[in-house]
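Please open the model in your viewer and keep the selection tool at hand, since each stop of this tour begins with something to select. Take the stops in order and pause at each one before moving on.

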Amino acid sequence: MNAEHRIASLRRRLVDEGIDAVLISGASNMTYLTGFEHVIDRAINAACLVTPDVSRFYTDFRYQEAAETAAVGTPWTVRVPKESLYVELCAELREEGVQSLAMESSVPYGRFKFVSEQFQGRVEPVNQWVEEIRQVKEPHEIERIAAAAALGDEAFEHILGRIEPGLTEREVALELEFFMRRNGSEGVAFDPIVASGPNSARPHAQVSDRVIENGDLVKLDFGARIEGYCSDMTRTVVVGKATERQREIYSAALEANGIGLAAVRPGLPACDIDRSARDALAARGFGGEYFGHSLGHGVGIDVHEQPSISPLNRDSVRIGSVITIEPGVYVPGLGGVRIEDLVVVEESGARLLTHSTKDLIEL
Ligand SMILES: [Mn+2]
């Protein structure tokens with residue numbers, strides 16, 4: 001991990017925007033920027049301050065020892081304010097002659113207002129500064145995502161041997177989670193989605209106590225987390241023999257998945273990749289009312305990050321991004337199929353990290 005390189009990227013942004021300092025307090029962004037492992041969690045009270053010559057990590061007593069240990073050999077100095085973190089931080093900014101400060105637009109409004117008053121200089125809300133750096137992965141980040149994807153493949157293989165009529169969605173979801181955690185996943189990337197029968201027509205259905213029946217489509221969307229990095233995959237299976245209509249939906253989703261994957265090229269606008277798969281679905285009779293979400297998204301420290309592969313994103317995809325390609329066909333009352341792969345964007349196109357079969361599985 002090269003914290004130096006990540007901080008340098010942020011400093012270039014400061015220069016470009018003509019701002020003296022930036023304060024980063026989003027947990028995933030702080031994790032990325034510091035490179036600290038096993039320090040930053042969702043409960044932490046902390047902030048990273050970066051100026052042209054300072055990289056300082058503020059936290060409190062509960063995290064002091066872990067942060068100081070993690071900071072050894074890095075450009076970070078750890079500061080543990082005696083009283084209020086933001087009161088002390090603002091006092092230091094004033095002492096150091098900082099005139100303008102960037103804060104992430106995602107911070108709570110109360111904190112933004114408080115810092116604005118305490119600091120007394122110009123405070124600018126800024127959006128996606130660290131997220132933009134995060135969207136191009138370093139090789140060791142890709143290795144971790146690939147390891148999480150491999151565990152996802154194993155979990156899918158495992159769950160295929162378990163799904164049967166009579167089990168509830170919740171039991172299947174629990175088994176998926178248990179398998180991943182028992183085999184090295186740090187929690188899960190997100191609560192698994194197990195959506196059966198008519199529930200599978202809801203793209204982000206919440207797991208229910210519905211009992212799986214013969215003839216159901218069962219959509220499984222889940223991911224592991226390895227060394228701080230997520231994976232994400234979706235497969236849809238049929239319990240028993242598939243009907244003609246189920247086959248038709250499945251083959252449309254599968255074709256769109258293949259077309260979306262083949263469209264991935266560095267330098268191509270994300271919206272064009274999205275359109276390739278969307279047009280393929282429409283040509284099969286599954287236009288907008290059957291597929292209403294984005295084709296994919298970036299994956300890394302967070303399961304949903306930049307770049308978004310959506311009709312609205314005109315930015316080009318870049319070498320080193322890790323994205324999903326996940327077209328779906330959702331037919332209310334009948335069910336839905338989504339097939340989601342995780343890929344790395346390389347010079348020659350998409351390299352798959354998800355290796356589970358996409359042939360229609362009838363259990
Ligand atoms: Mn996804």
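Begin by selecting Glu-255, which counts as partly exposed in this predicted model, its relative accessibility being 33%. Now add Arg-284 to the selection, and you will see that the side chains of these two residues meet in a salt bridge, with 3.2 Å from N to O. The pair joins distant parts of the chain, for Glu-255 belongs to helix 9 (residues 244-263), while Arg-284 sits in the loop between helix 10 (270-283) and strand 12 (296-298), 29 residues apart. Is Arg-284 buried, exposed or partly exposed? At 34% relative accessibility, Arg-284 counts as partly exposed.

Side chains of opposite charge can pair when their charged atoms come close. A search of the whole structure finds 32 such salt bridges, and the next two stops show further examples.

Select Arg-144 together with Glu-227, which form a salt bridge whose closest N and O atoms are 3.6 Å apart. This pair, too, links distant parts of the chain: Arg-144 lies in helix 7 (residues 139-160), and Glu-227 lies in the loop between strand 9 (225-226) and strand 10 (229-230), 83 residues apart. Arg-144 has a relative accessible area of 15%, which is under 20%, and therefore it counts as buried. Its partner Glu-227, by contrast, is partly exposed at 43% relative accessibility.

For a pair within one helix, select Glu-117 and Lys-113, a salt bridge in which the closest N and O atoms are 3.6 Å apart. Both residues lie in helix 5 (residues 109-119), and they are four residues apart, about one turn of the helix. Lys-113 is partly exposed, with a relative accessible area of 39%.

Return now to helix 7 and select Gly-152, which lies in that helix. Gly-152 has a relative accessible area of 1% and is buried. If residues up to four places away in sequence are not counted, Gly-152 touches Phe-222 and Met-233. You can also draw a distance from the C-alpha atom of Gly-152 to that of Thr-234, which should read 9.6 Å, although the two residues are 82 residues apart along the chain.

Another buried residue to select is Ser-310, whose relative accessible area is 7%. Ser-310 is found in the loop between strand 13 (305-309) and strand 14 (322-325). Which residues is Ser-310 in contact with, leaving aside its neighbours within four places in sequence? They are Ala-270, Cys-271, Asp-274 and Ser-294.

Next, colour the two domains separately: the chain is divided into domain 1 (3-133) and domain 2 (139-352). Their C-alpha centres lie 35 Å apart. Where the domains meet, nine residues of domain 1 are in contact with eight residues of domain 2, and the two domains bury about 600 Å² between them, 39% of it on carbon and sulfur atoms.

How many salt bridges does the rule find across the interface of domain 1 and domain 2? There are three, and the rule also finds three residue pairs in polar contact across this interface. On the side of domain 1 that touches domain 2, helix 2 (27-34) and helix 6 (129-134) each supply at least two residues. Helix 2 gives the most to that side, with three residues.

Select Arg-42 and Asp-302, whose side chains meet in a salt bridge at 3.8 Å, N to O. Then widen the selection to Arg-42, Arg-134, Lys-137, Asp-302 and Glu-305, which are linked in a network of salt bridges.

For the last stop, turn to the nonpolar interior. The largest nonpolar core has 43 residues, and those that touch the most other members are Leu-10, Val-22, Ile-24, Met-30, Phe-57, Trp-76 and Trp-129. This core draws at least three residues from each of domain 1 and domain 2. Select Trp-76 and show its surroundings: not counting residues up to four places away in sequence, its contacts include Ala-3, Ile-7, Leu-33, Phe-36, Val-50 and Phe-57. A second, separate core has 30 residues, among them Leu-261, Phe-291, Tyr-330 and Val-343.

How values were computed. Residues numbered from 1 in each chain as written. Predicted model: local features only at pLDDT ≥ 70, side-chain atom pairs only at ≥ 80, totals over all residues. Heavy atoms only, no water. Salt bridge = Lys/Arg side-chain N within 4 Å of Asp/Glu carboxyl O. Buried < 20%, exposed > 50% of the residue type's maximum accessible area, 1.4 Å probe, protein only. Contact = heavy atoms within 4.5 Å. Core = buried A, V, L, I, M, F, W, Y, C linked by side-chain atoms within 4.5 Å. Domains from an automatic or database assignment. Buried area = accessible area lost by both parts, 1.4 Å probe. Polar contact = N/O pair within 3.5 Å; in protein donor to acceptor, adjacent residues only side chain to side chain.
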